[in-house]
Amino acid sequence: MVVSDAPNGGGSSSPPLVVEQTNTLGITKPISLAGPTDADLHRNAELEKFLLDSGLYESNEEAATRREVLQRLDQTVKSWVKQLTRQRGYTDQMVEDANAVIFTFGSYRLGVHGPGADIDTLCVGPSYVNREEDFFIILHNILAEMEEVTELQPVPDAHVPVMKFKFQGISIDLLYASISLLVVPEDLDISHGSVLYDVDEPTVRSLNGCRVADQILKLVPNVEHFRTTLRCLKFWAKRRGVYSNVTGFLGGVNWALLVARICQLYPNAIPSMLVSRFFRVYTQWRWPNPVMLCTIEENELGFPVWDPRRNPRDRYHIMPIITPAYPCMNSSYNVSASTLRVMKEQFRYGNKICDEIELSKAQWSALFQPYFFFEAYKNYLQVDILAADTDDLLAWKGWVESRLRQLTLKIERDTNGMLQCHPYPHEYADTSRHCAHSAFFMGLQRKEGEKGQEGQQFDIRGTVDEFRQEINMYMYWKPGMEIFVSHVRRKQLPLFVFPDGYKRNRMSRHISHSAEKMGEDAAKSNLGSSERSVKRKNDHEMLDEKLGKPEKRASISPQRLVCVSPESCSSQMSIDGTKGVRLAKNAGTKCEIKSSNGLLENGISTEGAYVHLSETGGVHPKNDSQNSRCSEVQNENGVDRNKAGEMDLDCLESAETASSKSLSNCKESAVDMDQRLDNTHNFQRTEYSDYVPTASSQALNCEGDDDCVAHPDQF
């Protein structure tokens, strides 16, 4: 059994040994070989203390429990394989030699897991033990009978088939790979290409997690610095709401690859420096230029690798982050235009805070301030998922969540990218319901920089109906499994999405977000925030008075569509600010409209119920009495859209793209490059038609004070 050698405590703050790199890691030479200054060492000690105080490291007791669980799991799969070998009539010697091996990958293998994190595991078995029956049926039944195992959930239809469960309270994701060997050696080298002989693509994908983790650790100059930096940035991504592969953001392996590339570019930097350089580089990165730790190589096995020249599907990847192990794949194919926009905003936010930290104007805690998603938009889509009990909800929610990204893509497609979605990766639950419930939310706004006509409408009823139909094709559907998609205004958000069960004061919200406004000084930001808050309050009072409301209404939930079964509901949807979801009941259906208080409402009309955008760019319901008062949807929580400061990475991206175009005007030396922040940064956008992912890929040589020159044959 292979177990991670991850440390359980905080990293050492002792000064690192700075050496000249004799072996270049990555497809280009480093940007800077500079080591830390005394100020860097001080900031690094503060960062490590902050991570430790934030509870990101597990205790020795939990680490021991994980090791015990892995040993028990290893014994279980070994016994399972021996049992199958005996049942199939193999000799006694074969039964004695029969073996299966457990490998770890993901955060546990990389050494960046925290308390309560799951363990990604892979079981490698012999050629005569298959996945479909032996793993998902026989082993599943063995695990189901064990008292230590709970919440057992097989997912055989996933892109990477997996069995999820808890073993003594530790969450386990277990994959299976059957390799072309009759006996699996205990010391199997999974990084060797021979394990890929005569296996199918699902097996390749299952093996790839372990192979990628091992390659990452081999391709970074300092493993401990890499681990601390990755632990820090994963924590940041979760706080800022951009950590979720299934939702269309980035998952653990994606963040690991991005951090590893920064470690290659700054091989002598310590974690505090690497965090700052991370945001500095990726704030200016010109996607879809790919991030790669090594060159993409072919192999005689013939598995497809990421290559936009030959694979048309690869040309549509907008944020390619390429895995370093054969077959090299794009690990971030789930990213959409909307989620990339959100991540770029957060990169700019992180870059701005890190600049302030280096100037001693901010502390590390400022970087990890949570993103107040429910204060960032004025319009949201609410996706409610219901089931009869918690077990059904677990399976049903997993299916719906894995398809939520499709709703974002469909809205982008059907509105030509004019209506932007911000899916939020956190789930919420209304505990006051009598049935099992989970909810996800998406922020809505018009595409920035685009001027629409006054009264422009977005009708997404057909889009949502198409999404619902695909969801209801779930082959394991049971009565009680329902999904509802509603439009809610910010003032209508249900209280269960707020941590303390109530909404924050609007004035405090503006003050807290003033630190995130880029390009403005603190005094100006606070003054402007206060003025906007007063103005909006007056606007709401005037609007309430005009509509004859004695007082502002409490937050209400949108109307619900109550259905006997998913098949019985084939309703259309559009956004309306006063009624939530407008639904047209088809003849013969058994649908009822219920408001949040449970009272039936009749005569629901779809007339005029479209998404209405004002000339200023806001998303509004069509309501003639309010059109003149609708204001622009603003991102009141995130960063502004001003361009980030120029930086000196003149020599980086053109080499990273491996384009055949030549580079010029690179004047800065490798060491000085990282210290001068006011130089112009000239990127060249990748043209996929010119991309050459082979050993002849263009590299860049920056030495001393010489110009930066592209050398096609450097590698």
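Trp236, Trp255, Phe278, Phe279, Tyr282, Trp285, Trp287 and Phe347 form one aromatic cluster, where rings of Phe, Tyr and Trp (its six-membered ring) pair if their centres lie within 6.5 Å, and planes under 30 degrees apart count as stacked, over 60 as edge-to-face and the rest as tilted. The model is predicted, so that local features need pLDDT of at least 70 and side-chain atom pairs count only at pLDDT 80 or more, while totals for chains, interfaces and linings use all residues. Residues are numbered from 1 along each chain as its sequence is written, and side-chain values use heavy atoms, with hydrogens and water left out.

**Aromatic pairs**

A search of the whole structure finds 35 aromatic pairs, including the two in the table.

| Pair | Centre distance | Plane angle | Geometry |
|---|---|---|---|
| Trp236 and Phe279 | 4.8 Å | 70° | edge-to-face |
| Phe373 and Tyr424 | 4.3 Å | 5° | stacked |

The first pair in the table links distant parts of the chain, with Trp236 in helix H7 (residues 223-239) and Phe279 in helix H9 (residues 271-283), 43 residues apart; helices (H or I, at least four residues) and strands (E, at least two) are DSSP runs, numbered from the N terminus. Trp236 counts as buried because its relative accessibility is 0%, and Phe279 is likewise buried at a relative accessible area of 0%, buried meaning under 20% relative accessible area, exposed over 50% and partly exposed in between, with a 1.4 Å probe and protein chains only.

Phe373 lies in the loop between helix H11 (364-367) and strand E6 (379-387), and Tyr424 in the loop between strand E7 (419-423) and strand E8 (436-446), so this pair ties together parts that are 51 residues apart in sequence. Both Phe373 and Tyr424 are buried.

**The sheet and its helices**

Five strands, in the order E1-E2-E5-E4-E3, form an open sheet with mixed pairing; two strands pair if DSSP finds at least two bridges between them. The edge strands, each pairing on one side only, are strand E1 (101-105) and strand E3 (149-155). Strand E2 (residues 119-125) and strand E5 (residues 170-178) run parallel and are joined by seven bridges, and Tyr176 in E5 is the bridge partner of Cys123.

Helix H2 (residues 60-87) packs on the sheet, touching E1, E2, strand E4 (162-167) and E5, and its direction makes about 35° with that of E5. Contact means heavy atoms within 4.5 Å, and axes are lines fitted to C-alpha atoms, for helices over the stretch in contact, with angles running from 0 to 180 degrees between N-to-C directions. Helix H6 (residues 201-219) lies across E1, E2 and E5, running at about 120° to E5.
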